[in-house]
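Please examine the structure below with this briefing at hand. The notes are grouped by topic.

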Amino acid sequence: AIAERLVASVATTSAVMDFLAEPVYRERLEAVKTAVRTMVTGTVLDTAPGGILTAVAAPAENGRPAAVDGDAQAAAEDHARALRRCEGLADALGLHEPLKSAMASMEKGLMARAHALLAQYPKAAGDPDDAETAEIGLFYALRLLELVAGPAKADQLRTAIMAATGEFAEE
């Protein structure tokens, strides 16, 4: 939100400066844009793997699903939202390629984690507590994928999860 306000202020000020044609002001505005770009890159793009992917537990060696860390999940959802909000700043800050790369990496990483959890689900399905824990983990991974890649890209995973967990049978 701070970055969005700063970029909007820079854009407005830049429009006014076009009339003045003062190179000193242009340099100052570029310095502000560079600082905002650095802040967004350092706090959102570069930290996305640690902020988003680590919230989805890797499949356990023993086959028992790991419980979801609610705080980590909430923080990951906030991080995913921040990543998506960067789309509105990409033009002004020249972040199209880094953002595209970060989004693709998060989508690929979340899909890999979710499919690994999905592959392990049958082992957990025999125990009601393990099944519930595994389902919560799967749906949290799905939620993060929806936030990062959008609901259309998450739909195939949603269908696979619902088929594996028997959700379709209850309808």
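In this predicted model, helix α7 has 22 residues that should span 32 Å at 1.5 Å a residue, and because its end C-alpha atoms are 31 Å apart, the two values agree. The expected span is 1.5 Å times one less than the number of residues. Helices are DSSP runs of H or I with at least four residues, strands are runs of E with at least two, and both are numbered from the N terminus.

**Ends of α7**
- Asp 127 caps the N-terminal end of α7, with a side-chain oxygen 3.0 Å from the backbone nitrogen of Asp 129.
- Gly 150, just after α7, adopts a positive phi of about 100 degrees.

**Basis and confidence**
- Residues are numbered from 1 along each chain as its sequence is written, and side-chain values use heavy atoms, without hydrogens and water.
- Local features need a pLDDT of at least 70 and side-chain atom pairs count only at pLDDT 80 or more, whereas totals for chains, interfaces and linings use all residues.
- The average pLDDT (the predictor's confidence in each residue, from 0 to 100) is 88 for the chain, and 92% of the residues score at least 70.
- Among the elements of the chain, α7 (residues 128–149) has the highest mean pLDDT, 95, and α1 (residues 2–20) the lowest, 69.

**Overall form**
- The chain contains 8 helices and 0 strands.
- The C-alpha trace spans about 70 × 30 × 20 Å along its principal axes.
- The radius of gyration is 21 Å, whereas a compact globule of 171 residues would have a value near 16 Å; the radius is taken over C-alpha atoms, and the globule rule is 2.2 Å times the number of residues to the power 0.38.

**Nonpolar core**
- The largest nonpolar core (buried Ala, Val, Leu, Ile, Met, Phe, Trp, Tyr and Cys residues joined through side-chain atoms within 4.5 Å) has 42 residues, and Val 40, Ile 52, Leu 83 and Leu 110 have the most contacts inside it.
- Helices that each supply at least two residues of this core include α1, α7 and α8.
- Val 40 is in contact (heavy atoms within 4.5 Å) with residues including Ala 3, Cys 86 and Leu 95, leaving aside those up to four places away in sequence.

**Two buried polar residues**
- Glu 77 lies in helix α4 (residues 70–85) and counts as buried (under 20% relative accessible area, with a 1.4 Å probe and protein chains only) because its relative accessibility is 15%.
- Beyond its neighbours within four places in sequence, Glu 77 touches Tyr 140, Arg 143, Leu 144 and Leu 147.
- Thr 165 belongs to helix α8 (residues 151–165) and is buried, with a relative accessible area of 12%.

How values were computed
Buried < 20%, exposed > 50% of the residue type's maximum accessible area, 1.4 Å probe, protein only. Polar contact = N/O pair within 3.5 Å; in protein donor to acceptor, adjacent residues only side chain to side chain.
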